[in-house]
Amino acid sequence: MTASFFQFSLDGLKNYLVQHGCNADQARLLFNWHYKKNKVTPCEINGLSTKTKEVVNSYLNFNLPLIDQIQTSEDRTVKFLFSFQDGKKVETVIIPFNQKYTVCLSSQVGCAMNCSFCYTGTQGLTRSLKTEEIIGQFLAAQTWLTLNRPHDNRILNVVFMGQGEPLHNFDNVKTAVEILISQHGLSLADHKITISTSGYLPGLLRWKDEMPSVNIALSLHSPVDEKRSQLIPINKKYPLKDVIPLIEQFPQGKKRFVTYEYLLIHDFNDSEEDALQTAQLLVGTKAFMNLIPFNPFPGTKWKRPSTERIQKFFEIIESFKIPVTIRTTKGDKILAACGQLNSL
Ligand code: SF4
């Protein structure tokens with residue numbers, strides 16, 4: 001049985017090679033070749049020793065997830081259903097902006113958090129994804145773009161907002177991030193990567209010391225614990241009073257701030273009072289707010305607010321000088337928008 005090349009951070013690959021009698025420096029050559037040049041034929045790499053070639057050929061594989069289904073929407077959003085070796089499936093979405101793409105990666109098959117507004121949350125957790133399955137989504141999407149849209153094929157942003165709670169799969173997500181930002185790996189800028197969490201405190205407690213310096217987004221959805229718990233049940237165990245002060249301690253650079261995601265739901269959390277309380281909670285923090293009008297999915301009881309209510313909410317937040325945007329919904333016709341992903 002072979003190990004996946006895509007499970008290793010650069011340091012992890014160095015250790016693996018040393019354990020197999022190779023020189024650790026060869027890891028960098030392999031990383032450059034496979035991630036930067038997107039090749040899978042180690043015998044062609046200049047400077048690779050015979051021993052390393054032998055180890056790569058005998059012990060490593062470069063398998064990517066298979067594309068089970070593809071849906072494209074008029075706005076050029078693409079939703080993939082990827083299938084892994086054990087037959088489990090996740091969805092991954094690429095979203096176009098200015099001739100480039102953001103990829104929305106899944107971190108788990110299903111999710112244990114059971115958020116009431118989320119299609120994935122209705123399915124429960126099947127299992128967490130391995131590092132190679134997370135990186136595999138990126139590479140398989142990139143490969144598809146190169147073949148099908150050769151003139152606008154660059155993925156420059158990564159958001160962990162697909163299926164799963166990324167911090168409930170901390171180690172695999174962290175290694176995937178290390179590969180994404182490694183200058184010998186996929187070379188993405190760290191401020192172009194955002195991990196979105198429901199506020200899973202055990203993961204947040206590890207973040208400060210262990211996670212590379214990428215952006216964090218918190219699903220806020222209500223400043224009132226009673227309401228937030230109806231949407232995000234783990235709020236009962238990990239309330240905002242514990243989560244927000246912790247997140248605000250994370251190192252923040254010039255281009256880095258905490259994004260607070262706020263799903264606007266008709267007649268539930270979209271009133272002027274809700275907006276005022278939210279602004280009072282966040283004023284003075286390094287917050288950036290993202291308002292997301294709810295995307296209905298089959299069987300949900302929640303509805304999308306009117307444009308006027310969305311606008312009023314926006315204006316109240318803005319009047320507190322908190323930077324705020326209303327997220328344009330892309331891909332909602334193919335159920336590729338936030339909270340709509342499925343793994344069936
Ligand atoms: S919103 Fe995120 S954390 Fe909540 S159930 Fe859905 S996938 Fe899980």
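Which residues in helix 5 meet which residues in helix 6? In this predicted model, F170, D171 and K174 in helix 5 meet G203, R206, W207 and E210 in helix 6.

**Helix pairs**

The contact of helix 5 with helix 6 divides by class into 2 nonpolar, 1 polar and 4 charged residues. Helix 5 covers residues 170–181, and its axis lies 11 Å from that of helix 6, with a packing angle of about 30 degrees. Since angles under 35 degrees count as roughly parallel, helix 5 is roughly parallel to helix 6. The crossing of these two helices, helix 5 and helix 6, is right-handed.

Helix 6 also packs against helix 8, and for this pair, made of residues 201–210 and residues 240–248, the angle is about 20 degrees and the axes are 10 Å apart. Helix 6 and helix 8 are therefore roughly parallel to each other, and helix 6 passes helix 8 in a left-handed crossing. On the side of helix 6 the contact is made by L201, L204 and L205, which meet D242, V243, L246 and I247 in helix 8. By class, these residues of the contact between helix 6 and helix 8 are 6 nonpolar, no polar and 1 charged.

A further pair is formed by helix 9 (residues 272–282) and helix 10 (residues 307–319), whose axes come within 9 Å and cross at roughly 30 degrees. That angle makes helix 9 roughly parallel to helix 10, and the crossing of helix 9 and helix 10 is right-handed. From helix 9, the residues E272, D274, A275, L276, T278 and A279 meet K312, F313, I316 and I317 in helix 10. The contact of helix 9 with helix 10 comprises 6 nonpolar, 1 polar and 3 charged residues.

The residue classes of the helix contacts are set out below.

| Contact | Nonpolar | Polar | Charged |
|---|---|---|---|
| Helix 5 with helix 6 | 2 residues | 1 residue | 4 residues |
| Helix 6 with helix 8 | 6 residues | no residues | 1 residue |
| Helix 9 with helix 10 | 6 residues | 1 residue | 3 residues |

**The sheet**

The model contains an open sheet of 10 strands with mixed pairing, in the order 3-4-5-6-9-10-11-12-13-14. Strand 3 (66–72) and strand 14 (324–326) stand at the edges with a single partner strand each, so one side of each is left without a neighbour in the sheet. From one strand to the next, the twist averages 25 degrees.

At one end of this order, strand 3 and strand 4 pair in the antiparallel sense over 6 bridges, and T72 has V78 in strand 4 as its bridge partner. The hairpin of strand 3 and strand 4 has 5 residues between the strands, and in this hairpin R76 takes a positive phi near 75 degrees. Strand 4 (residues 78–83) is in turn joined by 6 bridges to strand 5 (residues 89–97), and strand 4 and strand 5 run antiparallel. Within this second pairing, F82 stands opposite V90 in strand 5.

**The ligand shell**

Which residues surround the ligand? The ligand is surrounded by C111, M113, N114, C115, F117, C118, G121, G164 and S198. By class, this shell around the ligand divides into 5 nonpolar, 4 polar and no charged residues.

Key: Residues are numbered from 1 along each chain as its sequence is written. This is a predicted model: local features need pLDDT of at least 70, side-chain atom pairs count only at pLDDT 80 or more; totals for chains, interfaces and linings use all residues. Side-chain values use heavy atoms; hydrogens and water are left out. Two strands pair if DSSP finds at least two bridges between them. Helices (H or I, at least four residues) and strands (E, at least two) are DSSP runs, numbered from the N terminus. Axes are lines fitted to C-alpha atoms, for helices over the stretch in contact, and angles run from 0 to 180 degrees between N-to-C directions. A residue is near a molecule or strand if one of its heavy atoms lies within 4 Å of it. Ala, Val, Leu, Ile, Met, Phe, Trp, Tyr, Cys and Pro count as nonpolar, Asp, Glu, Lys and Arg as charged, and the others, Gly among them, as polar. Angles under 35 degrees count as roughly parallel, over 145 as roughly antiparallel, 65 to 115 as roughly perpendicular and the rest as oblique. A crossing is left-handed if the near helix is turned anticlockwise from the far one by less than a right angle, and right-handed if clockwise. Contact means heavy atoms within 4.5 Å.
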